[in-house]
Amino acid sequence: MSEPSRRGDPALRYGRIIGPPGTGKTGTIQSTVATWVERDGYRPEDFVLTSFTRSAAAVLSGRISVPRDQIATLHALAYRALGKPPMAEEGELAKQWNEAHASRPSWQVGSPLSTEDDGLALPDAEAGEMMRMYSLARARLVPVGHPLFQQTRDFAVEWNRFKAETDSIDFTDMLESAAMQVPELDQPILIIDEAQDLTPLQWVLARQWGARAERFLVAGDPAQSLYQFSGARPDDLLAPIGDDETLYVLPQGYRMPSSIQETAEGLLRRHSGSMMEGREYRPREAREHPDDVGVVRYSDATWRQPEEILASIGRDERDCMVIASCSFMLQPLIKLLREHGIPFANRYKTSNGAWNPLARRSGTTSTAAMIAAFADGAPAVEWVDLLRANSFIVRQAKDYLEAGSDTMEGLLKAEHVEAYKAKDLRWLRERMLQKYVGPADYAISVITKHGTAALTREPRVTVGTIHSIKGGENRVCYVFPDVSYAGDQERQNSREGEDAAVRLAYVGMTRASEELVLCAPADVRRSMW
């Protein structure tokens, strides 16, 4: 939709944006919102913007001038529209259910498959098997005779009785109930980003609300649909959302140079169906020289033996990203990064502590931050929690420090004073509470090799799964090609499974803006390319 409609013009009230990787989809939404406000008289509070996950919604909220509580996932919008009823899958209600069904582990709830903030989690979420299958059956809108419903029938009867008795809902009820009880939103404009990942149930609610809105805009990329397990289908975004809609495929890439784009689009041609029709878009223009076409190279490194990647990271000072289809495939590399004191993180999934070992947790001070404070000579109150009590000559030494005392030398045993004054990290490590030892070893290794500042600045190495970094980019991107055993079975047994693997690899490849490194498979039978 190259030109937004005038207010009240029904001919252009539906819009669909297809934004291939790096073509400025979020920026296009941002400019559309600005145009409708400045030219057509809408107010920022007239908009509701929604995306599939909380992290994607956060990207929107950081760039678009709309009240933040009007940018959320569909689950969150539905939950609010229903008046925030009690949730059966969390807190005391979940505890009550689990205690009543303690003898049936598969019936346990509490780490929900879906949440109001993050849509649907991946299949390895810590949800009981029955809840997982029952939620997926409902999200996919499968018929009652489907195996997912048949296998969860007894669970569903008891679960629905429990919800009725406690006057509560579960996370899937958010969408189902909103579709029945909330025919339309209060705001006149609904915009949905990352629409390629909506489940069939989410599409029902989105289309219902969109049909009653003054303007309804959806944006996404069918080629980046990654949630097939939940029922997301690329064809749902390829289909019109209303009569006389305006369809616009963003024509210019700003991330990928020609060599990386050609490699990724060549892989995408293996996808079945109409994915490639009308999908032409130009690669990033050469930034400095006409021959700036980017680099695509192959590496002998595998996820099981990633040493070559470690060596490349050491030689190349550019920011880089290492991604895989499954989190366990990152563990050997993470082990090497920790052993060599190389800082790494995943700013797209900060809740994953294994990927963010140096990060400050909400409301707490990280071990790394306390180590850095000690090394920088900060007041003892900032790091004293690391020390065991037997390091002091006074029982209440930590209380004295928290009360403002600055006499650390008088509180420590005499044999420790000189080590403390010298900021001896080895002494700190030896006097440390056991619970801090593991994280501290990594932090001390980072300081030893790269200095204290390395603990506080943004790491140049990003690690994560392809799902976790979708929407992100980096100058150099290493991609492991292996799929999981379950993913390989799906790929072998159906065309849909093969297509899902193609899209997964495509998303991974299209994160690179300068150099794409395609690693070798640990098992050639499970390679995505």
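Q: A residue counts as buried when its relative accessible area is under 20%; why, then, is tryptophan 97 called buried?

A: In this predicted model, tryptophan 97 has a relative accessible area of 1%, and because the cut-off for buried is under 20%, the residue is called buried. Tryptophan 97 is found in helix H4, which covers residues 91–100.

Q: Which residues does tryptophan 97 contact, leaving aside its neighbours within four places in sequence?

A: With those neighbours set aside, tryptophan 97 is in contact with Trp107, Val109, Phe155, Glu158, Trp159 and Phe162. As for phenylalanine 162, it lies 65 residues from tryptophan 97 along the chain, and their C-alpha atoms are separated by 7.8 Å. Tryptophan 97 also belongs to one aromatic cluster, formed by Trp97, Trp107, Tyr134, Phe149, Phe155, Trp159 and Phe162.

Q: Why are helices H5 and H7 called roughly perpendicular?

A: Helix H5 (residues 129–140) and helix H7 (residues 153–166) pack at an angle of about 85°, with their axes 11 Å apart. Angles from 65 to 115 degrees count as roughly perpendicular, and H5 and H7 are therefore described in that way. In their contact, Met130, Met131, Tyr134 and Arg138 of H5 meet Phe155, Ala156, Trp159, Asn160 and Lys163 of H7, and these residues divide into six nonpolar, one polar and two charged.

Q: What makes helices H11 and H22 roughly antiparallel?

A: Helix H11 (residues 258–268) and helix H22 (residues 495–509) pack at an angle of about 175°, and their axes are 9 Å apart. Since an angle over 145 degrees counts as roughly antiparallel, H11 and H22 are therefore given that name. Here Ile260, Thr263, Ala264, Glu265, Leu267 and Leu268 from H11 meet Val502, Ala505, Tyr506 and Met509 from H22, a contact that has eight nonpolar, one polar and one charged residues.

Q: Why is the pair of phenylalanine 374 and tryptophan 383 called edge-to-face?

A: The structure holds 18 aromatic pairs. In the pair of phenylalanine 374 and tryptophan 383, the rings are 4.8 Å apart centre to centre, with 80° between the planes. Ring centres must lie within 6.5 Å to form a pair, and planes over 60 degrees apart count as edge-to-face, so the name fits on both counts.

Q: How do you know whether the two residues of that pair, phenylalanine 374 and tryptophan 383, are buried or exposed?

A: Phenylalanine 374 has a relative accessible area of 2%, and tryptophan 383 has a relative accessibility of 1%. Because buried means under 20%, phenylalanine 374 is buried, and tryptophan 383 counts as buried as well.

Q: Why is helix H3 described as largely enclosed by the rest of the structure?

A: Helix H3 spans residues 74–81, and six of its eight residues are buried, so it is described as largely enclosed. The buried residues in H3 are Leu74, His75, Ala76, Leu77, Ala78 and Tyr79. Just after H3, glycine 83 takes a positive phi of about 85°.

Q: What makes the phi of leucine 141 and of aspartate 244 worth pointing out?

A: Most residues other than glycine have a negative phi. Leucine 141, however, has a positive phi of about 60° although it is not a glycine, and aspartate 244, which is not a glycine either, has a positive phi of about 55°. Leucine 141 lies in the loop between H5 and helix H6 (147–151), while aspartate 244 lies in the loop between helix H10 (234–238) and strand E8 (246–249).

Q: Why is leucine 141 called partly exposed, whereas aspartate 244 is called exposed?

A: Exposed means over 50% relative accessible area, and partly exposed covers the range between 20% and that value. Leucine 141, with 44%, is therefore partly exposed, but aspartate 244, at 59%, counts as exposed.

Q: How do you know that alanine 453 is partly exposed?

A: Alanine 453 has a relative accessible area of 42%, and because this value falls between the 20% cut-off for buried and the 50% cut-off for exposed, alanine 453 is partly exposed. Its place is in the loop between helix H19 (434–450) and strand E12 (461–465). Alanine 453 and alanine 372 are 81 residues apart in sequence and 8.0 Å apart in space, C-alpha to C-alpha.

Terms used:
Residues numbered from 1 in each chain as written. Predicted model: local features only at pLDDT ≥ 70, side-chain atom pairs only at ≥ 80, totals over all residues. Heavy atoms only, no water. Axes fitted to C-alpha atoms, helices over the stretch in contact; angles between N-to-C directions. Helix = DSSP H or I, 4+ residues; strand = E, 2+ residues; numbered from the N terminus. Parallel < 35°, antiparallel > 145°, perpendicular 65-115°, else oblique. Contact = heavy atoms within 4.5 Å. Nonpolar A, V, L, I, M, F, W, Y, C, P; charged D, E, K, R; others polar. Phe/Tyr/Trp six-rings, centres within 6.5 Å; stacked < 30°, edge-to-face > 60°. Buried < 20%, exposed > 50% of the residue type's maximum accessible area, 1.4 Å probe, protein only.
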